Amino acid sequence: MNSKDLAKYIESIDGISKPWLLAQIRLKKLEENKPFLSPDEYLIQLKDIHQDVMNLGEWWLTINN
């Protein structure tokens with residue numbers, strides 16, 4: 001499944017407001033663009049996505065309170 005198909009699927013299940021699904025799209029797009037990125041740029045973007053996913057723990061805390 002490519003990033004466009006994944007985006008269509010997420011949209012079809014009304015998942016656009018779910019940040020963990022948006023992270024999946026970002027990961028898929030990063031995977032698709034990897035051949036066009038320098039190793040440093042790839043790592044920077046991967047770390048950014050990783051940090052956003054780690055921050056979801058804080059997001060969950062605000063949802064449940």
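In this predicted model, helix H1, which covers residues 3-12, and helix H2, which covers residues 19-33, pack at an angle of about 170 degrees, and their axes are 9 Å apart. That angle makes H1 roughly antiparallel to H2, because an angle over 145 degrees between the N-to-C directions is counted in that way. On the side of H1, the residues that take part in this meeting are Ser3, Leu6, Ala7 and Ile10, and on the side of H2 they are Leu21, Gln24, Ile25, Lys28, Lys29 and Glu32. Sorted by the character of their side chains, the residues of this contact divide into five nonpolar, two polar and three charged.

One of the residues in this contact deserves a second look, and it is Ser3, which lies in helix H1. Is Ser3 buried or exposed? With a relative accessibility of 7%, Ser3 counts as buried, because the word is used for residues under 20%. If its neighbours within four places in sequence are left aside, Ser3 is in contact with Lys28, Lys29 and Glu32, and these three residues also appear on the H2 side of the contact between the two helices.

Between H1 and H2 the chain passes through a loop, and Asp14 is found there. Asp14 has a relative accessibility of 56% and therefore counts as exposed, since the limit for that word is over 50%. The backbone of Asp14 also has a feature to look for in the structure, namely a positive phi of about 55 degrees, although Asp14 is not a glycine. To place this loop residue in relation to a later part of the chain, one can take Glu41, which is 27 residues from Asp14 in sequence and 31 Å from Asp14 in space, counted from C-alpha to C-alpha.

Helix H2 itself can be followed from end to end. It has 15 residues and reaches 21 Å from its first C-alpha to its last, which is close to the 21 Å expected at 1.5 Å a residue. Which residues of H2 are buried? They are Leu21, Ala23, Ile25 and Leu30, and of these Leu21 and Ile25 have already been named among the residues of H2 that meet H1. Leu27 also lies in helix H2, but Leu27 is partly exposed, with a relative accessible area of 32%, a value that falls in the range between the limits of 20% and 50%. Apart from its neighbours within four places in sequence, Leu27 is in contact with Leu46 and Ile49. From Leu27 to Ser38 there are 11 residues in sequence and 16 Å in space, again from C-alpha to C-alpha.

After H2 comes another loop, between H2 and H3, and this is the place of Pro35. At a relative accessibility of 66%, Pro35 counts as exposed. Pro35 is 14 residues away from Ile49 in sequence, and the C-alpha atoms of Pro35 and Ile49 are 18 Å apart in space.

The next helix to consider is H3, which covers residues 39-64 and contains Met54. Met54 is partly exposed, with a relative accessible area of 48%. Although Met54 and Trp20 are 34 residues apart in sequence, their C-alpha atoms are 10 Å apart in space.

With these parts in mind, the reader can turn to the chain as a whole. How many helices and strands does the chain have? There are three helices and zero strands, and read along the sequence the chain follows the pattern α-α-α. Taken along the principal axes, the C-alpha atoms fill a box of roughly 40 × 25 × 10 Å. The chain has 65 residues, of which buried residues make up 15%. The surface that the chain exposes comes to about 5,200 Å², and carbon and sulfur atoms supply 58% of that area. Finally, among the contacts between residues at least 6 apart in sequence, 40% join residues at least 24 apart.

Notes. Residues numbered from 1 in each chain as written. Predicted model: local features only at pLDDT ≥ 70, side-chain atom pairs only at ≥ 80, totals over all residues. Heavy atoms only, no water. Axes fitted to C-alpha atoms, helices over the stretch in contact; angles between N-to-C directions. Helix = DSSP H or I, 4+ residues; strand = E, 2+ residues; numbered from the N terminus. Parallel < 35°, antiparallel > 145°, perpendicular 65-115°, else oblique. Contact = heavy atoms within 4.5 Å. Nonpolar A, V, L, I, M, F, W, Y, C, P; charged D, E, K, R; others polar. Buried < 20%, exposed > 50% of the residue type's maximum accessible area, 1.4 Å probe, protein only. Expected span 1.5 Å × (residues − 1). Areas by Shrake-Rupley, 256 points an atom, 1.4 Å probe, with all protein chains shown as cover.
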